[in-house]
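The following paragraphs are meant to be read with the sequence and the coordinates open. They go from the overall fold to helix packing, and then to single residues.

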Amino acid sequence: MRILICNDDGIEAPGLARLVNAASALCDDVWVVAPDGKRTAAGSSLTIARPLTMRRVKPNWYACSGTPADCVVSAMTWLFANSEKPGLVLSGVNDGRNVAEDLAYSGTLGIAREATFWGVPAIGFSRVKNPDFTDGDDQWLGALIVSLWQSRADWAAEGHWLSINLPTSLPAEIRQPRIGRDKIARKAEIVESDGDRTVITVPRGRAHDSQPGDENDAIDAGFISINRLNWLGETRLDERFLDGIPRQRQTG
């Protein structure tokens, strides 16, 4: 079995190396395709009809000039074009939690979503900033990955993936919280203003809004949060609503 690992923090991110170490508990055929720099909040965006540069940095490790989701696409269409496709895609470990509206913005979760488009089970891992890393964290995370792989029949339905947020300290108990609200990008800062030209930045960080039972509440209490997400997001309209929409008048 082959594992593909990607992230949105870049090829040199510490969390990526930790996830590779952990994944080795499941198999020794582990491959990495990661962006050549940080791609926070890139979501599921793809680079279409524009060149991508793939640079081999060491055996089984490739840096990609594109987005996090590009890393999955480039692996499937180029790196593994004539060889075994991965049976599992892991993403992360992201530098910071992915909660609430991050389900749409996150490059970490965009990787997992893209993997499901290829029919591959996927897990996105994120962790609070400045965690209390110990020598046993990678080993513990490896055991979790093995357990999740062995139980994939219970969660790896078509179009679904797992989002896991790790708290400050491991090991920890696991909770399945509800999705909360904690939007990033709530303000802009003016960097420069000159007549009709204004330069702004949207700073990093979030308000850490939390309500009882949501992801932030669970993570802040020291629990691991796990949510199964999906891209099958249709919510069907009531037929009575459709009946009330004016129809185009027939002519001729």
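How many helices and how many strands are there in the protein? The model, which is a predicted one, has seven helices and eleven strands. Taken along the principal axes, its C-alpha atoms fill a box of roughly 70 × 45 × 45 Å. The chain has 252 residues, and 46% of them are buried. Among the contacts with a separation of 6 or more, 77% are between residues 24 or more positions apart.

Helix α1, residues 14-23, is a good place to start. Its buried residues are G15, L16, L19, V20, A22 and A23. They cover an arc of only 165° around the axis, and therefore lie on the same side of α1. An α-helix has 3.6 residues a turn, so residues three or four places apart point the same way. What do the buried residues of α1 pack against? Their partners are five strands and a helix, namely β1 (3-6), β2 (30-35), β4 (61-64), β5 (88-95), β6 (122-127) and α5 (137-150).

The pairing of α1 with α5 can be described further. Two packed helices are described by the angle between their axes and the distance between the axes. For α1 and α5, the axes come within 7 Å and cross at roughly 60°. With that angle, α1 is oblique to α5, and the crossing is right-handed. On the α1 side the contact is made by R18, L19, N21, A22 and A23, and on the α5 side by D138, L141, G142 and I145. By class, these residues divide into five nonpolar, two polar and two charged. Of the α1 residues in this contact, L19, A22 and A23 are also listed among the buried residues of the helix.

A second helix pair is formed by α2 (residues 68-79) and α4 (residues 107-117), whose axes come within 7 Å and cross at roughly 30°. Angles under 35 degrees count as roughly parallel, and α2 and α4 are therefore roughly parallel to each other. This crossing, too, is right-handed. Which residues meet where α2 and α4 are in contact? From α2 come P68, A69, V72 and V73, and from α4 come G107, G110, I111, E114 and A115. The contact of α2 with α4 holds six nonpolar residues, two polar ones and one charged one.

Next come two peptide bonds in the cis form. One joins G92 and V93, with omega about -10°. V93 is in strand β5, one of the elements against which the buried residues of α1 pack. The other cis bond joins L170 and P171, and its omega is about 0°. P171 lies in a loop, the one between β7 (160-166) and β8 (174-175).

Backbone phi values also single out two alanines. A49 has a positive phi of about 60° although it is not a glycine. Where is A49 found? It is in the loop between β2 and β3 (54-58), and with a relative accessible area of 82% it is exposed. A185, likewise a residue other than glycine, has a positive phi near 60°. This alanine is found in the loop between β8 and β9 (189-194). Is A185 buried, exposed or partly exposed? At 39% relative accessibility, A185 counts as partly exposed, since the partly exposed class lies between 20% and 50%.

Two aspartates in loops complete the tour. D135 is placed in the loop between β6 and α5, and both of these elements take part in packing against the buried residues of α1. D135 itself is exposed, with a relative accessible area of 82%. Its C-alpha atom is separated by 33 Å from that of S74, and the two residues are 61 residues apart along the chain.

D209 is in the loop between β10 (197-201) and α6 (215-220). Its relative accessible area is 32%, and D209 is therefore partly exposed. Which residues does D209 touch, not counting residues up to four places away in sequence? They are R181, D182, R186, D214 and N216. Of these, R186 directly follows A185 in the numbering. The C-alpha atoms of D209 and A221 are separated by 14 Å, and these residues are twelve residues apart along the chain.

Terms used:
Residues are numbered from 1 along each chain as its sequence is written. This is a predicted model: local features need pLDDT of at least 70, side-chain atom pairs count only at pLDDT 80 or more; totals for chains, interfaces and linings use all residues. Side-chain values use heavy atoms; hydrogens and water are left out. Axes are lines fitted to C-alpha atoms, for helices over the stretch in contact, and angles run from 0 to 180 degrees between N-to-C directions. Helices (H or I, at least four residues) and strands (E, at least two) are DSSP runs, numbered from the N terminus. Angles under 35 degrees count as roughly parallel, over 145 as roughly antiparallel, 65 to 115 as roughly perpendicular and the rest as oblique. A crossing is left-handed if the near helix is turned anticlockwise from the far one by less than a right angle, and right-handed if clockwise. Contact means heavy atoms within 4.5 Å. Ala, Val, Leu, Ile, Met, Phe, Trp, Tyr, Cys and Pro count as nonpolar, Asp, Glu, Lys and Arg as charged, and the others, Gly among them, as polar. Buried means under 20% relative accessible area, exposed over 50%, partly exposed in between (1.4 Å probe, protein chains only). The arc is that of the directions from the helix axis to the C-beta atoms.
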